[in-house]
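Dear colleague,

I am handing over the structure below for your consideration. My notes on what was found in it follow directly after.

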Amino acid sequence: NLRIEGKGDDRHYTVSQVGVDYDYFKTMEVKLLAGRAFEPTDHHPDFIKLNPIIINRNALKLFGFTDPQEAIGHNILQGDDDTRSWTIIGVVQDYHQEALQKPMEPIVFRPSYSTFSPISVRVNSSDIPNVISKAERIYKEFFPGNSFEYTFLEDRYNNQYNDEKRFRRVVSIFTVLAVIVACLGLIGLSYYTVVIRMKEIGIRKVFGASVTNIISILSADFVKLVFIAAVLSLPVSYYSMNQWLEAYAYRIRPGLALFMLPVLIVLFVAAGTICIQVLKTAMINPVETLKHE
């Protein structure tokens, strides 16, 4: 329920509000685009007396400003009767407040800190246990009798993608199983083909065909079938991947190379599986083959 004072319209906007202290942007290394960050004098224990706010780039666009510097000094009125007024003192770059499934929101930052707020500490040390120990000692000096609990931001960030990690693991396992089953099928089919064409292989060798020629002749049909199957699977793969990526506000655009590489890998695996079987038969002395036939 916010609107910009002096804009000449009564449009009200909805944004996220985040209370931060004067070291927040420095600690999180959030880039300041215009104006200034909060200072200790901007804070006040009486909420009514808080006046300065900082907005991010998405809020800047939402409020109708084209340039970060243009927004500095403007007042934001809050409530149906505009009973609350805030002054924009700075504009910061957008950053991901949540996982990549959600777009970066317009955010208004107000000066705030209290004993109920979590404390963020930037750590630049290889001795993490020692840092935690010192932080705990200082914490207990100020909050004796309270439980000291901590988390790492990178862990909280990574936990947002636990479902994706499990999905990747399951897909990888079933992909490997599918490739193994397919290769077993190819081995059986190629062995059967070689057995029924044993006499043909012997005759071709007698007439001067090289092992390479025999392999290429017998493998061509198999490779052709695998290639057709791979091509037929591409539209399904492309559609499925796009449907999955639609859940993300920020995502890649699948290119041709992303689909051609698996096709080449499958063709290589199939050709290798078939060639091994054909090669063993092609190396047999044609005299033995024809005598047996």
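The count of aromatic pairs in this structure comes to 15. One of them joins F148 and Y150: the ring centres are 5.8 Å apart and the planes stand at 35° to each other, a tilted pair. Both partners are partly exposed, F148 with a relative accessibility of 21% and Y150 with 46%. Please bear in mind throughout that the model is predicted.

A further pair is formed by Y238 and F259. Their ring centres lie 5.7 Å apart and the angle between the planes is 55°, so this pair is also classed as tilted, since that class takes in angles from 30 to 60 degrees. The contact links distant parts of the chain, with Y238 in helix α8 and F259 in helix α9 (residues 256-282), 21 residues apart. The two rings differ in their surroundings: Y238 is partly exposed, at 42% relative accessibility, whereas F259 counts as buried because its 11% falls under the 20% limit.

Ring pairs also build a cluster, which consists of Y24, F25, F38, Y95 and F109. In addition, R84 is placed over the faces of two rings. The distance from R84 to the ring centre is 5.2 Å for F47 and 4.1 Å for W86.

Helix α8 itself deserves a description. This helix runs over residues 211-245, and its 35 residues, at 1.5 Å a residue, should span 51 Å; the C-alpha atoms at its ends are 47 Å apart, which agrees with that expectation. The helix has a kink of about 40°, and the kink is centred on S219. S219 is also one of the buried residues of α8, alongside I214, I215, L218, F222, V226, A230, N242 and L245.

I turn next to the open and enclosed spaces. The largest pocket holds about 2,600 Å³ of space. Its lining is made up of 47 residues, and those nearest the centre of the pocket are M28, P118, I119, S120 and V121. Two or more lining residues come from each of β2 (16-20), α1 (24-28), α4 (128-142) and α5 (153-159). Of these contributions, the one from α4 is the greatest, at eight residues.

As for enclosed spaces, there are two cavities of 30 Å³ or more. The largest cavity contains about 50 Å³ of space. Its lining residues are L2, Q17, I53, I76, Q78, W86, V108 and R110. Strands β5 (75-78) and β7 (107-111) each provide at least two residues of this lining. W86 therefore appears twice in these notes, as a ring beneath R84 and as part of the cavity lining.

Finally, I draw your attention to H12, which sits in the loop between β1 (2-4) and β2. With a relative accessible area of 37%, H12 is partly exposed. Although H12 and G79 are 67 residues apart along the chain, their C-alpha atoms are separated by 9.0 Å.

Yours sincerely

Conventions: Residues are numbered from 1 along each chain as its sequence is written. This is a predicted model: local features need pLDDT of at least 70, side-chain atom pairs count only at pLDDT 80 or more; totals for chains, interfaces and linings use all residues. Side-chain values use heavy atoms; hydrogens and water are left out. Helices (H or I, at least four residues) and strands (E, at least two) are DSSP runs, numbered from the N terminus. The expected span of a helix is 1.5 Å times one less than its number of residues. The bend at a residue is the angle between axes fitted to the seven residues ending there and the seven starting there. Buried means under 20% relative accessible area, exposed over 50%, partly exposed in between (1.4 Å probe, protein chains only). Rings of Phe, Tyr and Trp (its six-membered ring) pair if their centres lie within 6.5 Å; planes under 30 degrees apart count as stacked, over 60 as edge-to-face and the rest as tilted. A charge sits over a ring if NZ of Lys or CZ of Arg is within 6 Å of the ring centre and within 35 degrees of the ring normal. On a 1 Å grid over the protein atoms alone, a cavity is a set of points where a 1.4 Å probe fits but cannot get out, and a pocket is an open set with protein on both sides within 12 Å along at least five of seven lines; lining residues have an atom within 4 Å of a point. Grid points are joined across faces, edges and corners, and a volume is the space filled by probe spheres set on the points.
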